[in-house]
Every structure is written in C-alpha cells, then in structure tokens.
Amino acid sequence: MLIRTPPRHLPEPSEITPRTVWSQRRRIVQAAAAGIALPAPGWLSAQTTRTETRPEAKLAGKASPLSTLGANDKPTPYKDVTTYNNYYEFGLNKEEPAVAARSLKTRPWTVTVEGEVDKPRVFDIDELLKLAPMEERVYRMRCVEGWSMVVPWTGYSMSELIRRVQPNGNAKYVEFVTLNDSKQMPGLRSSVLNWPYVEGLRIDEANHPLTLLSFGLYGELLPNQNGAPVRMVVPWKYGFKSGKSIVKIRFVEKQPMTAWNRAAPQEYGFYSNVNPEVDHPRWSQATERRIGEDGFLARKRATLMFNGYADQVAGLYAGMDLKRSF
Ligand SMILES: Nc1nc2c(c(=O)[nH]1)N[C@H]1C(S)=C(S)[C@@H](COP(=O)(O)O)O[C@H]1N2
Ligand SMILES: [Mo]
C-alpha cells in the first residue's frame, strides 16, 4: 500500500529495524568476532525457520468446491506466499514481516466478539479452531498495488462464527481489529496508519460463503507473517480488506471507519472490490503481475471483475454505482 504524501514523521526504514533482525545481526557479528562459521546468507529466510527451528503444525482441511480456479491459476509457491508480505505492524518492506513477526506470540490468544449481537463471547483460539470443520479454499488474492497470488487457505466461512453469536437487527456492518501491541510489533512506531489496523465489511459481505476466517495455509497453521493465529480472507476485494492477527470482531450499526479509508479516503474506499474498470487515482487497476510466475518483463495478466468471483458476489452490489462506492 502506498499513500500520496508520506507523513513527515514517517521514520526511515532503518529506524524501524525490528529487534529480532537487530539481535540476529548482533549474533552474526558476535559469531564472526569469535571466528564461528555461520550457514550461508539464506539462513535468515522464513523457509529456514520453518524447517529448522519452528515447524508449523499441520492443519488439514477438506477440499472445498468454493476453490474455483481458472485454467491459468496455480498455487503460488509457499516460499513466495511466506516471504513477500504486507504486514505494516512488522515493517513496510515486503521481506520484513517474515523475519520481524517471528517473535509474535500467538498463544494464549483470544478473539472478542461484541457489539450488536445477542450472544457476545470471548473465544479462545483453540475453541475457534474447533468451531466448524476446516476446509481448504484455494483463492486468487489481488493486492491494490497490482500484484496477485493464488493461496491454498485453511479455514471456514465467517458465517459459521456469525450465526453462533446471533447478530441483532442493528448489526449492519462488521469490524475486524488486529492486535495492537507495540512491544511485539515494531511497525507501530510508524505513523503511516492509525493503529490498530481496522477493516470492515457489510454484514451480508461478511456472511457470504466465500468470506473465510483462516487459520492456515498450505496445510499448516498460518505463519506469523501471514496473520497468525487467525485472519480474514475476502478474495473478491483488494488484499488490505483481509485483516491479519484478529483480536476483536465488532458488530455495528454504522459503516466503520477503516484504517486505510482514514489514511487516504480519496484512494481507498470502504468497499474496495477488485474492479479493473475503476483505477486507483495514481495507477491503473486493469492488469496484475502474478507473484512467482510473471517476471517483470512478462506481459501482465488482465485483472478480472471482482477478482474472478463475479458469478458468486456481483449480486451483493446490484444497483450500486461501483465508481462512487469504490
Ligand atoms: N493487520 C494487517 N493486516 C493486513 C495488512 C497489514 O499491513 N496489517 N496488509 C494487508 C495487505 S495490503 C495485503 S495485500 C494482505 C497481504 O496478505 P499476505 O501477506 O498473507 O499475502 O494483508 C492485508 N492485511
Ligand atoms: Mo495489499
């Protein structure tokens, strides 16, 4: 995500170097000083962490008929999905979250569900994991920046949770709030956004079967940089609508103010449906580059209306002017 004029007080990337990176660097320096040979440069990669020091637990899901890929879509390599991330709480560069989010504590973890519901409830993450049968949903994901991926998510429809808390008649919108812990999230020092990261959906969007509460990818628990222990996945909207590391879900009557809408209202609207016909004020949204597949020189592929999910979701927006409600 980019904003038109970065605030003056936006720190230099070097100032927001997370503690984990810093301490890793210190280890390298100390090892070098002591004459100890360390493994080759690749040793800091998420892959290395995953296989050597923190194997992700398995999280199986039943293959879902809602995985509707095109002939041209194949899952983006695990390595790209887990090392090319947007997670501003852990730094503004794509490579930073895989390293800086390693120390995020995802246990214990609770998700508070409150607001206009008859049965407000605080779920422990282990309760949430057992709330409904896990499915594997392979979805196309499109970032507003112009790149896309295909990710095999594990989770269940958000509607499974919604029906258990029984929204009342005033519940018109749902707000999703990310963890806001400056001790664990070095990126919170940056003022690009008003923290916590908040996203929102209309309640019918939240209840749409495609809207996923996700706990895993590639058959394993979510890596921290992808939003562990639980995140939203809304495949027909730009990626920023899919908030990570959710701690609170609020049912509200009025359209919520979201983090990106607040930061740059003329650039990021509440709906943020993928729409090749509505350009971002500073760039076209007609095409995209598929991460891990389309090199910088390759012809970009056409972006599809509602990211290719029009058959399923277009009805949610019948009669709306999508240029105005962008
Ligand atoms: N809390 C939080 N959620 C977030 C973001 C973020 O910076 N913070 N970035 C968003 C953006 S812009 C994108 S494209 C996706 C990226 O998800 P991924 O890293 O799993 O591909 O996460 C979204 N969710
Ligand atoms: Mo994004």
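This tour moves through the model in steps, saying what to select and what is there.

**Confidence**

Start by colouring the chain by pLDDT. This is a predicted model. Its average pLDDT is 88, and 83% of the residues score at least 70. Now select residues 5-54. Here pLDDT stays under 50. The model has 54 contacts beyond four places in sequence for this stretch.

**The open sheet**

Next, show the sheet whose strands run in the order 3-2-11-6-7. It is an open sheet of five strands, and the pairing is mixed. Which strands stand at the edges? Select strand 3 (121-124) and strand 7 (198-202). Each has a single partner strand, so one side of each is left without a neighbour in the sheet. Look along the sheet at its twist: neighbouring strands are turned by 15 degrees against each other on average, direction ignored.

Zoom in on strand 2 (residues 110-115) and strand 3. The two run antiparallel and are joined by four bridges. To see a bridge pair, select Thr112 and its partner in strand 3, Val122.

**Helix 6 on the sheet**

Keep the sheet in view and add helix 6. This helix packs on the sheet, touching strand 2, strand 3, strand 6 (173-178) and strand 11 (246-252). The direction of helix 6 makes about 60 degrees with that of strand 11.

Now select residues 158-165, the helix itself. Which of its residues are buried? They are Met158, Leu161, Ile162 and Val165. Turn the view to look down the axis of helix 6: these buried residues fall within an arc of 100 degrees, so they line one face of the helix. Step one place on to Gln166, just after helix 6. Its phi is positive, at about 55 degrees.

**The nonpolar core**

Select Leu128, Trp153, Leu161, Phe215, Trp236, Ile249 and Phe251. These residues have the most contacts inside the largest nonpolar core, which has 80 residues. Strand 5 (residues 147-157) gives the most to this core, with five residues.

Centre on Phe251. Leaving aside neighbours within four places in sequence, Phe251 is in contact with residues including Val113, Gly115, Val117, Ile162, Val165, Pro167, Tyr173, Val174 and Ile203.

**Last stop: Glu277**

Select Glu277, in the loop between helix 8 (259-263) and strand 12 (287-290). Is Glu277 buried or exposed? Glu277 is exposed, with a relative accessible area of 59%. Then add Lys323, 46 residues away along the chain. The C-alpha atoms of Glu277 and Lys323 are separated by 8.4 Å.

Conventions:
Residues are numbered from 1 along each chain as its sequence is written. Chains are lettered from A and ligands numbered from 1 in the order in which they are written. This is a predicted model: local features need pLDDT of at least 70, side-chain atom pairs count only at pLDDT 80 or more; totals for chains, interfaces and linings use all residues. Side-chain values use heavy atoms; hydrogens and water are left out. Buried means under 20% relative accessible area, exposed over 50%, partly exposed in between (1.4 Å probe, protein chains only). The arc is that of the directions from the helix axis to the C-beta atoms. A nonpolar core is a set of buried Ala, Val, Leu, Ile, Met, Phe, Trp, Tyr and Cys residues joined through side-chain atoms within 4.5 Å. Contact means heavy atoms within 4.5 Å. pLDDT is the predictor's confidence in each residue, from 0 to 100. Two strands pair if DSSP finds at least two bridges between them. Axes are lines fitted to C-alpha atoms, for helices over the stretch in contact, and angles run from 0 to 180 degrees between N-to-C directions.
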